[in-house]
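Reader: I'd like a close look at the inside of this one, please: the empty spaces and whatever surrounds them. Spell out your cut-offs as you go, since I like to know how a number was made.

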Amino acid sequence: MKNSIALITGATSGIGQATARLMAKEGVKLILCGRRSERLQQISQELSEHTSVHPLQFDVRDKSAVNKAIDSLPETFKNIDILVNNAGNAHGLDLIQEGSSNDWDAMMDINVKGLLYVTQAILPGMLEREKGHIINIGSTAGKEVYPKGNVYCASKHAVDAINQGMRMDLNGTPIRVGAVNPGLVQTEFSEVRFKGDSERADQVYKGYTPLKPEDVAEAIWFAVTRPPHVNIADLTMMCVDQASSMIVNKQA
């Protein structure tokens with residue numbers, strides 16, 4: 001894996017950042033993508049002590065920005081071996097009749113269309129080189145639906161369908177496609193969902209031990225380090241206290 005090239009979207013926090021840190025220590029060359037310039041430069045500078053890093057600032061929702069960013073890669077970073085489609089967000093936790101169309105747009109644009117735009121920009125090169133591995137970060141919300149989860153769950157069900165369809169369409173090529181679907185992971189996820197209400201976000205993770213971003217990063221690393229004939233097609237992981245989206249063993 002050393003000197004392989006991995007592109008990670010949503011690399012400035014949470015699962016994306018944890019994956020970048022793990023891969024950097026293993027000598028993987030990194031293309032780190034994100035919207036927040038200051039964070040992107042900070043993590044890129046930090047990880048450049050371990051490996052070669054190229055930051056790309058763009059919003060996955062903007063198709064032209066995605067294509068421009070990928071086209072701008074220097075020759076030493078163009079041959080992408082691993083794509084981690086990690087960028088994603090939840091916005092709001094509302095009854096469907098009370099939901100915000102702006103929140104709906106944000107979730108569908110980032111979680112679904114953004115994943116498609118980035119994949120479309122990178123996949124042709126993988127096919128040309130006959131080498132590549134795509135990891136789509138889904139969610140247990142893509143396997144079941146929970147109250148007030150409506151559109152977020154729909155977006156992650158779409159990721160699940162795209163992952164399956166992509167794997168079928170690429171059957172007969174050497175390109176591997178798989179998904180990692182985490183349950184409750186303590187990241188900025190809930191703070192974003194609750195519009196910066198950190199107190200409400202903290203309550204989501206109290207009374208039990210949720211997954212850490214590093215736990216998910218290790219699952220991603222396991223998937224990408226299997227022999228070429230092995231494809232981890234669909235991996236779902238939860239903390240031991242979580243049985244489903246609605247069943248979580250919380251201590252008072």
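Author: Let's begin with the yardstick for overall size: the radius of gyration is taken over C-alpha atoms, and the globule rule is 2.2 Å times the number of residues to the power 0.38. For 252 residues that rule puts a compact globule near 18 Å, and the protein chain agrees with it, having 18 Å. Its C-alpha trace spans about 50 × 40 × 35 Å along the principal axes.

Before going further, some ground rules. This is a predicted model, in which local features need pLDDT of at least 70 and side-chain atom pairs count only at pLDDT 80 or more, while totals for chains, interfaces and linings use all residues. Residues are numbered from 1 along each chain as its sequence is written, and side-chain values use heavy atoms, with hydrogens and water left out.

Eight helices and seven strands make up the secondary structure of the protein chain; these are DSSP runs numbered from the N terminus, helices being H or I with at least four residues and strands E with at least two. Half the story of the interior is burial: 50% of the 252 residues count as buried, where buried means under 20% relative accessible area, exposed over 50%, and partly exposed in between (1.4 Å probe, protein chains only). As for contacts (heavy atoms within 4.5 Å), take those with a separation of 6 or more: residues 24 or more positions apart account for 69% of them.

Leu47 makes a handy example of a buried residue. It lies in helix 2 and has a relative accessible area of 3%. Leaving out residues up to four places away in sequence, Leu47 touches Ala20, Arg21, Ala24, Leu30, Leu32 and Val53.

Now the spaces themselves. The search runs on a 1 Å grid over the protein atoms alone: a cavity is a set of points where a 1.4 Å probe fits but cannot get out, a pocket is an open set with protein on both sides within 12 Å along at least five of seven lines, and lining residues have an atom within 4 Å of a point. Grid points are joined across faces, edges and corners, and a volume is the space filled by probe spheres set on the points. By this rule there are two cavities of 30 Å³ or more.

The largest cavity comes to about 70 Å³. It has 15 lining residues, and those closest to its centre are His91, Gly92, Trp104, Met107 and Asn150. Helix 4 and helix 5 (150-169) each supply at least two residues of that lining. By residue type, the lining has five nonpolar, six polar and four charged members; here Ala, Val, Leu, Ile, Met, Phe, Trp, Tyr, Cys and Pro count as nonpolar, Asp, Glu, Lys and Arg as charged, and the others, Gly among them, as polar.

The second largest cavity has a volume of about 30 Å³. Thr9, Val60, Asn85, Asn86, Ala87, Gly114, Leu115 and Val118 line it, and helix 4 gives the most, with three residues. That lining splits into four nonpolar and four polar residues, with no charged ones.

Then there's an open space: the second largest pocket, at about 240 Å³. Among its 14 lining residues, Lys131, Gly132, His133, Arg176 and Pro228 lie nearest the centre. The lining holds six nonpolar, three polar and five charged residues.

Lys131 also leads us to the charge pairs. The structure has eight salt bridges, each a side-chain nitrogen of Lys or Arg within 4 Å of a carboxyl oxygen of Asp or Glu. In one of them, Lys131 pairs with Asp81, the closest N and O atoms being 3.4 Å apart. Lys131 is in the loop between helix 4 (101-129) and strand 5 (133-137), and Asp81 in the loop between helix 3 (63-71) and strand 4 (82-85), so the pair ties together parts 50 residues apart in sequence. Lys131 is partly exposed at 47% relative accessibility, whereas Asp81 is buried at 13%. Elsewhere, Arg36, Arg39 and Glu188 are joined into one network by salt bridges that share partners.
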